[in-house]
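Visitor: Could you take me through one part of this model in close detail? I would like to see how its pieces are put together.

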There are 4 protein chains.
Amino acid sequence: MDYYPAPGRNHLFVPGPTNVPEPVLRAMNRSNEDHRSPAFPKLSKSVIEDVKQLFGTTKATSFIIPTTGTGAWESALTNVLSPGDNIISFLFGQFSLLWIDQMNRLNFNVDVIESEWGAGADLATLSKKLSADYSHSVKAVCIVHNETSTGVTNNLAAVRRVLDESRHPALLLVDGVSSIGALDFHMDKWKVDVALTGSQKALSLPTGLGIVCASPKALEAAKTAKSIRVFFNWADYLKFYKLGSIWPYTPSIQMLYGLRASLDLILKEEGLHNVIARHHRLAEATRKAVQAWGLKICTQKPEWHSDTVTAVVVPPHINSGNVVKIAWKKYNLNLGVGLNKVAGKVFRIGHMGYLNELQLLGALAGVELSLQDVGYPVTLGSGVAAAQAHLQRATPLIASRI
Amino acid sequence: MDYYPAPGRNHLFVPGPTNVPEPVLRAMNRSNEDHRSPAFPKLSKSVIEDVKQLFGTTKATSFIIPTTGTGAWESALTNVLSPGDNIISFLFGQFSLLWIDQMNRLNFNVDVIESEWGAGADLATLSKKLSADYSHSVKAVCIVHNETSTGVTNNLAAVRRVLDESRHPALLLVDGVSSIGALDFHMDKWKVDVALTGSQKALSLPTGLGIVCASPKALEAAKTAKSIRVFFNWADYLKFYKLGSIWPYTPSIQMLYGLRASLDLILKEEGLHNVIARHHRLAEATRKAVQAWGLKICTQKPEWHSDTVTAVVVPPHINSGNVVKIAWKKYNLNLGVGLNKVAGKVFRIGHMGYLNELQLLGALAGVELSLQDVGYPVTLGSGVAAAQAHLQRATPLIASRI
Amino acid sequence: MDYYPAPGRNHLFVPGPTNVPEPVLRAMNRSNEDHRSPAFPKLSKSVIEDVKQLFGTTKATSFIIPTTGTGAWESALTNVLSPGDNIISFLFGQFSLLWIDQMNRLNFNVDVIESEWGAGADLATLSKKLSADYSHSVKAVCIVHNETSTGVTNNLAAVRRVLDESRHPALLLVDGVSSIGALDFHMDKWKVDVALTGSQKALSLPTGLGIVCASPKALEAAKTAKSIRVFFNWADYLKFYKLGSIWPYTPSIQMLYGLRASLDLILKEEGLHNVIARHHRLAEATRKAVQAWGLKICTQKPEWHSDTVTAVVVPPHINSGNVVKIAWKKYNLNLGVGLNKVAGKVFRIGHMGYLNELQLLGALAGVELSLQDVGYPVTLGSGVAAAQAHLQRATPLIASRI
Amino acid sequence: MDYYPAPGRNHLFVPGPTNVPEPVLRAMNRSNEDHRSPAFPKLSKSVIEDVKQLFGTTKATSFIIPTTGTGAWESALTNVLSPGDNIISFLFGQFSLLWIDQMNRLNFNVDVIESEWGAGADLATLSKKLSADYSHSVKAVCIVHNETSTGVTNNLAAVRRVLDESRHPALLLVDGVSSIGALDFHMDKWKVDVALTGSQKALSLPTGLGIVCASPKALEAAKTAKSIRVFFNWADYLKFYKLGSIWPYTPSIQMLYGLRASLDLILKEEGLHNVIARHHRLAEATRKAVQAWGLKICTQKPEWHSDTVTAVVVPPHINSGNVVKIAWKKYNLNLGVGLNKVAGKVFRIGHMGYLNELQLLGALAGVELSLQDVGYPVTLGSGVAAAQAHLQRATPLIASRI
């Protein structure tokens with residue numbers, strides 16, 4: 001039963017939820033089982049352990065919470081902070097905005113460092129603020145690694161440098177929702193204290209798991225943090241980890257088998273390094289297509305280029321919402337709309353998760369058609385050709401087929 | 001890939017998660033789709049509307065939250081109450097205990113009315129307390145409808161009568177996790193203010209949806225409730241309901257299609273009335289089997305008999321955990337263990353969700369074998385026979401096959 | 001979309017098609033792929049090789065044909081025989097009858113050795129006929145290993161002995177549709193020349209694969225056999241085996257992945273020896289139940305007891321068809337009807353494929369209820385108890401859970 | 001478990017098997033059920049009836065046989081012809097060749113009218129032969145509607161005209177394997193006597209169903225046809241149609257539910273007329289791409305253009321097999337190789353079944369990359385652009401989304 005059926009496959013190029021691989025669908029195609037039987041912890045432990053590889057950590061403790069990215073945010077904040085705590089947070093797009101909104105509503109005292117939408121985090125200002133904070137009143141620095149609304153990836157190594165140079169002990173909290181599992185992420189190296197993602201992004205799963213990793217320092221902070229929390233409380237998980245039954249409340253059997261399958265695809269079949277390289281390759285191809293169309297991307301500087309989402313700026317006389325609409329109505333292609341400040345001005349191409357070159361080229365061809373349909377005179381095939389030229393060079397033979 | 005494989009079907013008779021019907025598995029067997037496309041709200045609205053039938057309400061507003069029962073509890077409490085609020089809550093088993101623990105941790109001031117495990121809520125004491133509360137300082141009365149750890153169902157009509165007779169304006173909050181969709185539930189008639197359930201119980205879905213219904217009075221209370229909440233905040237849902245895009249954050253596509261299929265099975269194919277009658281029939285059969293084995297159930301009086309779970313008390317020289325263990329190790333049968341105070345003393349047979357007579361009889365046969373295996377000299381076939389005698393009379397012809 | 005929906009699982013106890021395991025459903029849940037790509041032969045070769053273990057052969061060549069058991073029969077006959085060839089075939093039930101009907105229609109000259117329905121093959125007569133056939137005009141002896149209509153298993157070692165003692169070179173053709181993969185089968189030891197089965201029986205797959213093994217002697221016979229055949233011609237398979245592309249025409253991708261999963265369950269997870277022991281255990285339990293009901297089985301002597309299907313004879317005043325009808329209409333239980341000569345007189349309980357003890361006990365409980373419903377005064381629980389007594393003793397702990 | 005895994009979706013552009021739609025996978029995701037219960041005929045009758053729409057017939061009788069296209073051929077021939085019968089058959093590619101090979105092996109006396117590979121049926125010669133056949137010794141004219149190896153579609157209306165003008169009573173037998181359900185087909189109007197297809201082509205199902213329609217004249221011929229047949233005998237089906245139990249032997253439950261879903265997609269959701277128009281649109285786009293690449297298609301004249309498969313001729317210095325190889329090894333794209341006479345000279349793009357515009361454009365982009373990779377200097381994007389130009393004009397808004 002589909003509500004607006006259309007022949008052929010849906011071309012899902014929003015920046016999440018992403019395409020679910022067939023092996024994951026197969027793994028999830030099962031009835032419930034007793035999560036309290038001796039069998040279930042075995043699966044559970046394996047995924048709790050293996051997700052850490054996506055975060056680049058061996059030191060952190062991971063929590064797989066039956067929630068969404070928004071819930072994972074709340075888990076990150078409330079477990080390490082107390083109401084009234086001073087935190088610094090960066091604002092440069094819709095998702096950093098929403099996280100800040102959450103921080104405010106959770107009663108933290110947020111010092112917002114704002115940049116233009118399309119720019120990355122303003123680290124100079126961060127440096128100034130931290131250096132001036134002699135009393136170390138700032139408890140945490142919060143940053144969205146990859147801002148999904150503008151296609152901006154921040155340099156977390158640089159953020160860590162600023163913290164280190166200021167010799168500031170603030171916790172570093174990172175939203176990696178649209179980055180972890182698709183972009184390079186080094187929690188241990190960057191000394192990130194809490195990092196989080198959601199299942200429906202790079203992991204190519206259905207929505208439903210918020211995955212949070214906490215450094216030893218974060219776990220220490222959790223012991224004294226006074227924010228009220230129950231559902232999101234790490235302490236309950238830690239208690240059940242010790243008991244060996246792992247889950248403080250009923251988890252989703254299906255999602256955990258799906259996670260196992262997704263981790264197998266990423267870590268064993270393709271290899272995380274290759275997954276990240278593939279995301280870069282597809283993103284580069286997309287950016288070359290945009291250039292060939294004579295359009296600009298929202299991201300202001302190459303250093304902030306996002307390898308999971310590209311926000312394309314349309315000319316002033318075009319409403320980007322119409323591009324998204326015609327793509328869906330005529331080509332069964334789902335693109336992301338522009339949000340908030342960039343509503344009507346950008347549309348977004350998600351290139352995250354379990355995707356390959358020809359899927360992307362089909363979507364780029366669809367974008368060209370849609371642009372033309374709404375009156376932007378793109379040369380048909382031009383973006384595809386630019387993307388192809390890059391992909392032909394950059395795409396390796398499929399490892400299993402050499 | 002199964003961790004402890006065994007031939008044939010798993011006999012899942014824990015009181016949740018329950019058996020997922022094939023039509024639900026089929027409905028969920030799908031890739032992600034764009035939850036922001038025009039298609040998705042159509043499905044969303046249909047399930048948001050139809051779940052209300054399970055709650056017996058036309059007046060309440062429903063929220064389908066990507067969380068578990070524990071999260072649904074938190075949603076119920078934090079949206080209508082403020083820290084320090086006085087609430088009355090009943091304690092008579094593990095789940096009422098855990099909810100009270102949550103209430104305390106959420107900083108409410110809980111006046112606990114305790115009964116023995118196996119008894120239902122002590123309404124006489126409630127009556128006294130409410131009558132004495134001239135200032136109406138009690139903001140809410142909280143009750144677990146069906147206590148899953150002991151197999152006790154409370155009489156919510158009686159609870160409402162006590163409130164009415166005391167002319168007390170306290171909100172009535174009900175945990176219907178192991179009741180709604182399986183037992184009679186009349187939110188409007190009983191003037192319940194917040195009722196909640198989880199997807200992995202009577203709905204026979206995977207875990208992942210906390211379903212909460214709020215009366216107009218509860219929604220009014222939510223406007224001034226001061227408990228800090230973001231992820232669980234109803235206001236965000238109400239805002240997106242108005243916008244027509246329904247979801248404040250990404251929902252699980254698969255779970256919502258699954259919910260649609262489950263509601264179709266319950267409301268259209270079988271009929272809610274028949275679903276409830278089936279649960280009663282299977283529960284009666286189970287109780288008759290227990291009696292035939294010469295054992296007692298944990299539930300102290302028939303008025304509290306639960307139609308979704310039966311907690312069986314084993315003789316003192318038997319450890320109920322061993323019954324559960326051998327059932328799993330030899331017969332691929334999953335029973336519920338005794339929790340907390342009744343650990344080792346009871347095992348539980350869940351008979352909730354998408355189940356039929358012969359599935360139950362197979363499980364009862366398995367319980368007999370397991371009892372025998374652990375040294376309780378049950379007459380093989382005795383419980384099955386008692387259950388059969390009831391089922392033969394009580395089971396109607398399958399409606400579609402007459 | 002189900003045509004006559006009923007709550008809970010269907011209890012499928014016909015002697016085929018059988019219950020499909022979840023791991024098999026998962027393996028089959030996939031789109032098509034190119035059967036001419038380099039990937040597909042790898043899967044194909046693995047199953048072509050591994051099915052031989054079910055047949056007890058290392059010497060034979062296996063063919064996995066996209067057809068049913070009826071097609072597999074035709075494949076067996078037409079590849080080794082020429083029109084007009086004399087063959088001896090045994091008649092003792094509906095399926096042996098149908099195979100003989102096919103032999104006649106394929107223009108072979110069939111000498112039928114008939115037994116009563118319920119008896120096995122009359123080997124004394126076979127011995128006489130073969131001994132008298134000095135000219136070796138008989139080209140083949142054909143026998144149904146397990147007659148599904150009466151629950152009769154023939155002793156193939158004894159058949160081989162008769163052939164050997166008569167020093168007769170006739171080919172031995174065996175229908176193992178309801179035996180291979182569930183009962184002991186030793187193609188090499190018994191010098192069977194062609195043996196065959198279908199996917200929807202012991203392999204617990206959907207219908208669609210006819211699996212045929214041919215001994216070197218059979219392959220030799222195939223070179224000169226003059227029966228016209230194209231679709232069923234082994235020569236085409238042998239040609240494509242040599243080419244390495246395996247399939248003379250498009251196979252079912254899904255069925256072959258399903259077969260792989262089924263073979264993994266049987267050969268790796270449970271072990272063929274244990275699978276056969278489980279079938280014996282469940283069959284014994286069933287027979288004990290029938291005895292407890294005061295009924296007889298169709299099988300005339302214990303030596304012919306079938307471990308995959310039990311045909312139960314009802315008292316003269318009962319129509320067995322009504323037992324089957326009420327079981328389906330009231331208990332969602334599918335039993336096999338009596339066929340042809342035994343129509344109305346027997347109903348059949350299939351206990352073949354991926355089944356376990358409690359599934360069977362549930363079904364036996366259902367049979368008791370159905371018998372009672374149609375007016376046969378069985379003591380409820382009596383058959384279940386008899387079966388339980390056997391199973392408690394005979395059922396080992398589940399290997400993976402010890 | 002995939003044998004040669006690769007990230008992202010497989011791009012399946014062979015001319016069968018084709019991409020299976022998610023709704024079909026969902027419908028097939030089920031255990032077995034009893035095909036002899038009252039439920040199954042209901043489904044069976046609905047599909048037996050509805051497949052006729054694909055064939056353009058209300059007068060014919062349909063047979064859904066658990067076999068492949070090769071089996072459907074055998075069914076068509078053996079049911080209406082007797083050994084030694086004179087038949088005329090056209091040879092113009094690999095599949096017409098294989099059918100003729102089958103005819104010879106089935107002992108018919110085949111008069112072959114040969115054309116070059118790339119040309120259609122030589123109707124002038126047919127006309128001469130029929131006109132000269134005063135005695136009406138020719139019993140049947142056999143033609144492959146769409147030759148999958150060369151991408152040639154024959155004009156069946158013209159064939160009928162030739163038969164009519166010659167006033168010749170020969171039966172008209174048509175292989176519609178790669179046409180029916182995708183191309184216009186008018187069995188009644190064209191007075192086709194037997195037409196057939198397979199499930200893995202336009203119906204987008206797994207392999208496993210051979211679907212055959214027989215005109216009243218064909219059914220009449222079947223009564224006296226002397227070809228030996230059992231498994232493929234229509235008479236057995238007709239007998240069980242009358243009995244109401246439909247199936248002479250066990251059908252595939254899953255395939256029939258899948259067929260129901262596929263027919264719903266074609267007949268109800270999209271509409272057969274629109275399905276055919278979509279195939280034409282995608283085929284035109286493909287041909288325009290080939291032209292833009294400076295290549296020729298195998299089809300010699302536009303009147304024979306196939307709307308389900310395009311065979312592309314590569315320049316002499318290129319081996320078309322290498323194009324196919326690199327497409328699979330680097331881009332996860334499956335194309336069809338050149339068969340027999342055109343091996344190494346052509347590769348084939350299947351554009352049949354459940355496909356849409358952007359899927360095709362992705363594949364065409366992949367063909368361009370592969371051509372370049374093997375040393376044919378195609379301008380990247382050129383074919384895509386030509387296809388896009390056509391598709392932009394020709395593609396309607398998706399009906400459900402207007």
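Guide: Happily; what follows is a close look at chain A, its domains and a group of its strands. Please keep in mind that this is a predicted model, in which local features need pLDDT of at least 70 and side-chain atom pairs count only at pLDDT 80 or more, while totals for chains, interfaces and linings use all residues. Residues are numbered from 1 along each chain as its sequence is written, and chains are lettered from A and ligands numbered from 1 in the order in which they are written.

Let us begin with the domains. Chain A is assigned domain 1 (11-18 + 272-401) and domain 2 (22-267), with bounds that come from an automatic or database domain assignment. Taken over C-alpha atoms, the centres of domain 1 of chain A and domain 2 of chain A are separated by 27 Å. Where they touch, 29 residues of domain 1 of chain A are in contact with 27 residues of domain 2 of chain A (contact means that the C-beta atoms of two residues, placed from the backbone, lie within 7 Å).

On the domain 1 side of that contact in chain A, helix H10 (272-292) and strand S12 (309-313) each supply at least two residues. H10(A) gives the largest share of this side, four residues. Helices (H or I, at least four residues) and strands (E, at least two) are DSSP runs, numbered from the N terminus. By class, this side of domain 1 of chain A has 14 nonpolar, 11 polar and four charged residues. Here Ala, Val, Leu, Ile, Met, Phe, Trp, Tyr, Cys and Pro count as nonpolar, Asp, Glu, Lys and Arg as charged, and the others, Gly among them, as polar.

Now to the strands. Strand S3 (residues 86-91) of chain A runs parallel to strand S5 (residues 138-144) of chain A, and four bridges join them; strands pair if DSSP finds at least two bridges between them. Opposite Ile88(A) stands Val141(A) in S5(A). S3(A) also pairs with strand S4 (residues 109-114) of chain A, in the parallel sense and over six bridges. There, Leu91(A) has Glu114(A) of S4(A) as its bridge partner. From S3(A) the chain passes through helix H4 (residues 94-105) of chain A to S4(A), a β-α-β crossover that is right-handed. That term means that, with the strands pointing away from the viewer, the path from the first strand over the helix to the second runs clockwise.
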